[in-house]
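Hi,

Here is the model we talked about, with sequence and coordinates together. Have a look at it first, and then read on for what turned up.

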Amino acid sequence: MCGYKKIDLENWCRKEHYLYYTNSLNVEVNMTANIDVSELLTFCHTNGYKFYPTLIYCVTKVLNRIENFRMFKDKNGDLCVWDSLVPNYTIFHEEDHTFSDCWTEFTDDFDSFYKNITSDMELGKTKRGIKVKSGQPANFYCVSCTPWTAFTAVSSRMVNGGAAFFPIITAGKYDDNYQMPVNITIAHAVADGYHIGLFFEYLQEEMSVECLKSHHKATEEAAAVAFRL
């Protein structure tokens with residue numbers, strides 16, 4: 001079970017905003033921006049990695065950097081923040097054009113995460129129905145990709161269910177200039193334009209050649225140490 005801490009609401013700078021967007025105007029906010037994925041694609045092609053699981057790694061790294069995207073209410077209704085999030089992602093079935101969703105535990109170690117998520121994705125190809133794996137942890141967020149459509153906006157809403165505190169991330173088809181639309185949806189009670197702006201800024205940074213090489217180098221160094229041992 002992932003750890004978490006309770007927010008000290010009385011001393012939280014966003015207390016008034018949180019209460020207003022929870023009690024008076026229970027809404028979600030969503031925004032779409034283009035992300036340059038040219039360096040991410042080069043990294044994947046050069047090193048033999050698949051794009052979708054690598055993208056999920058980058059997104060999860062970013063969300064775990066920003067506390068506002070890890071918030072939730074505990075069983076007592078108190079606002080809390082998870083230590084980290086795990087991705088819950090969709091797997092598309094070419095045969096019948098349906099999808100299933102799956103989750104994979106997250107670790108900053110790129111190689112370990114990549115092996116685990118690609119293994120889960122292969123399992124998911126053999127499943128039908130909504131859930132591939134049972135035991136979905138509470139500290140999840142949702143991520144999916146619609147590679148058929150270069151959208152300019154997306155809206156994901158839970159009808160009669162209130163605003164979602166967990167982030168919902170949707171990526172679209174990248175164009176000839178490697179610009180890929182990415183949408184984020186989140187409860188306005190816990191995040192606003194500033195936090196969403198950080199998400200896009202950090203995501204572009206995470207997909208830079210410097211960050212990608214550092215992940216790959218860390219993986220190679222860990223493998224070298226393991227080999228010597």
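Helix α2 (residues 38–47) packs against α3 at an angle of about 125°, and their axes are 10 Å apart. With that angle, α2 counts as oblique to α3. As α2 passes α3, the crossing is right-handed. On the α2 side the contact is made by Leu40, Leu41, Phe43 and Cys44, and on the α3 side by Phe51, Thr54, Leu55 and Cys58. Sorted by class, the contact of α2 with α3 has seven nonpolar residues, one polar and no charged ones. Bear in mind throughout that this is a predicted model.

Helix α3 (residues 51–63) also meets α5 (residues 193–206): their axes come within 9 Å and cross at roughly 135°. Again the verdict is oblique, this time for α3 relative to α5. The handedness of that crossing, α3 passing α5, is right-handed. From α3, the residues involved are Cys58, Val59, Lys61, Val62 and Leu63, and they meet Phe199, Tyr202, Leu203 and Glu206 of α5. The class count for α3 with α5 is seven nonpolar, no polar and two charged residues. If you want one residue to click on here, try Cys58: it is part of the α3 contact with α2 and also of the α3 contact with α5.

Now the sheet. It is open and has six strands in the order β2-β9-β8-β7-β5-β6, with mixed pairing. The edges are β2 (28–36) and β6, each of which has a single partner strand, so one side of each is left without a neighbour in the sheet. From one strand to the next, the twist averages 20°.

Going through some of the pairs:

- β2 and β9 run antiparallel and are joined by nine bridges; Glu28 stands opposite Ala187 in β9.
- β8 and β9 run antiparallel too, with four bridges joining them; Thr170 has Asn183 in β9 as its bridge partner.
- β7 (residues 140–146) and β8 pair in the parallel sense over five bridges; Ser144 stands opposite Thr170 in β8.

Two of the helices mentioned above pack on this sheet. Helix α3 touches β5, β7, β8 and β9, and its direction makes about 140° with that of β7. Helix α5 touches β2, β8 and β9, and its direction makes about 25° with that of β2.

How many of the nine residues of β9 are buried? Eight of them are, so the strand is largely enclosed by the rest of the structure. Colouring by accessibility is a handy way to look at β9, given that eight of its nine residues are buried.

Ser144 deserves a closer look as well. The residue is found in strand β7, and with 18% relative accessibility it counts as buried, because the cut-off is under 20%. Leaving out residues up to four places away in sequence, Ser144 touches Tyr52, Thr90, Ile169, Thr170 and Ala171. Thr170 is thus on that contact list, and it is also the residue that Ser144 stands opposite in β8.

Last, a couple of backbone oddities for your Ramachandran plot. His97 is not a glycine, yet its phi is positive, at about 60°. You will find His97 in the loop between β5 (86–93) and β6 (98–103). With 61% relative accessibility, His97 counts as exposed.

The other one is Tyr178, again a residue other than glycine with a positive phi, near 65°. Tyr178 sits in the loop between β8 (168–172) and β9 (179–187). That loop belongs to the hairpin of β8 and β9, which has six residues between the strands. Is Tyr178 buried or exposed? Neither: at 39% relative accessibility, Tyr178 counts as partly exposed.

Shout if anything is unclear when you open the file.

Cheers

Note on methods: Residues numbered from 1 in each chain as written. Predicted model: local features only at pLDDT ≥ 70, side-chain atom pairs only at ≥ 80, totals over all residues. Heavy atoms only, no water. Axes fitted to C-alpha atoms, helices over the stretch in contact; angles between N-to-C directions. Parallel < 35°, antiparallel > 145°, perpendicular 65-115°, else oblique. Left-handed = near helix turned anticlockwise from the far one by under 90°. Contact = heavy atoms within 4.5 Å. Nonpolar A, V, L, I, M, F, W, Y, C, P; charged D, E, K, R; others polar. Buried < 20%, exposed > 50% of the residue type's maximum accessible area, 1.4 Å probe, protein only. Pairing = 2+ DSSP bridges.
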